[in-house]
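Thank you for letting me take a few minutes of the meeting. Please have a look at the structure on the screen, and then I will walk you through it slowly.

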Amino acid sequence: LRDPDGEVRRSAVDGLGALGDRRAVPILISELLNKQGWVRAPSATALGKFNDRRALGPLTTAVSDRDLYVRLNTAASLEKLTGQHLGRDPAAWQQWWSKQEGARR
């Protein structure tokens, strides 16, 4: 994941998602901040494969990403993880996340 080549990073992200090991979740979350959309998008997809609450906050932020594919992949992962069907609407996902965070307090 430290390779400067985005294709190598994307392949590494795909591999982490395929492994299914929850220890990959923090790494995948950090890759949501990658400069390259072709790394952020598969990171969002991979996070949808884990039933891990740690991914929800970062995914609700990433749903407003500037890259269309990141937004699409993020929305799909959020829907898969939450059972909510809010599409790519960042405001709807932020509102949903705020309610979840409020309920946890």
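I will go from the overall fold to the core, then to the salt bridges, and end on the surface.

Before anything else, please keep in mind that this is a predicted model, and that the values I quote were computed from it.

Let me begin with the fold. The protein chain contains six helices and zero strands, so that, if you follow the chain from the N terminus on, the elements read α-α-α-α-α-α. The C-alpha trace spans about 40 × 30 × 20 Å along its principal axes. For a chain of 105 residues, a compact globule would have a radius of gyration near 13 Å, and because the protein chain has 13 Å, the value agrees with that expectation. Of the contacts with a separation of 6 or more, 56% are made by residues that are 24 or more positions apart. Buried residues make up 39% of the 105 residues, while the accessible surface comes to about 6,000 Å², with 52% of that surface belonging to carbon and sulfur atoms.

Now to the inside. Which residues have the most contacts inside the largest nonpolar core? They are Leu28, Leu32, Leu47, Leu59 and Leu78, and the core as a whole has 22 residues. Helix H1 (6–19), helix H2 (25–31), helix H3 (37–47), helix H4 (56–62), helix H5 and helix H6 (90–104) each supply at least two residues of this core, and H3 gives the most, with four residues. To see one of these leucines in its surroundings, please find Leu47: leaving aside residues up to four places away in sequence, Leu47 touches Val25, Leu28, Ile29, Leu32, Ala55, Leu59 and Leu81.

Next come the charged side chains. Side chains of opposite charge can pair when their charged atoms come close. A search of the whole structure finds eight salt bridges, and I would like to show you some of them.

In helix H1, Glu7, Arg10 and Asp14 are linked in a network of salt bridges. Arg10 pairs with Glu7, where the closest N and O atoms are 3.0 Å apart, and Arg10 also meets the side chain of Asp14, at 2.9 Å from N to O. Along helix H1, Glu7 lies three residues from Arg10, and Asp14 lies four residues from Arg10, with each of these spacings being about one turn of the helix. How accessible are the three partners? Arg10 is partly exposed, with a relative accessible area of 26%, Glu7 counts as partly exposed at 42%, and Asp14 counts as partly exposed at 34%.

Another salt bridge joins Asp52 and Arg54, with the closest N and O atoms 2.6 Å apart. Is Asp52 buried or exposed? Asp52 is buried, because its relative accessible area is 4% and buried means under 20%, whereas Arg54, at 43% relative accessibility, counts as partly exposed.

Finally, let us turn to the surface. Leu68, Tyr69 and Leu72 make a nonpolar surface patch of about 300 Å². Tyr69 sits in helix H5, which covers residues 68–82, and Tyr69 counts as exposed because its relative accessibility is 57%, where exposed means over 50%.

That is the end of my tour, and I am happy to go back to any part of the picture.

Methods. Residues numbered from 1 in each chain as written. Predicted model: local features only at pLDDT ≥ 70, side-chain atom pairs only at ≥ 80, totals over all residues. Heavy atoms only, no water. Patch = residues over 30% accessible without salt bridge, like charges linked within 9 Å, V, L, I, M, F, W, Y side chains within 5 Å. Areas by Shrake-Rupley, 256 points an atom, 1.4 Å probe, with all protein chains shown as cover. Salt bridge = Lys/Arg side-chain N within 4 Å of Asp/Glu carboxyl O. Buried < 20%, exposed > 50% of the residue type's maximum accessible area, 1.4 Å probe, protein only. Core = buried A, V, L, I, M, F, W, Y, C linked by side-chain atoms within 4.5 Å. Contact = heavy atoms within 4.5 Å. Rg over C-alpha atoms; globule rule 2.2 N^0.38 Å.
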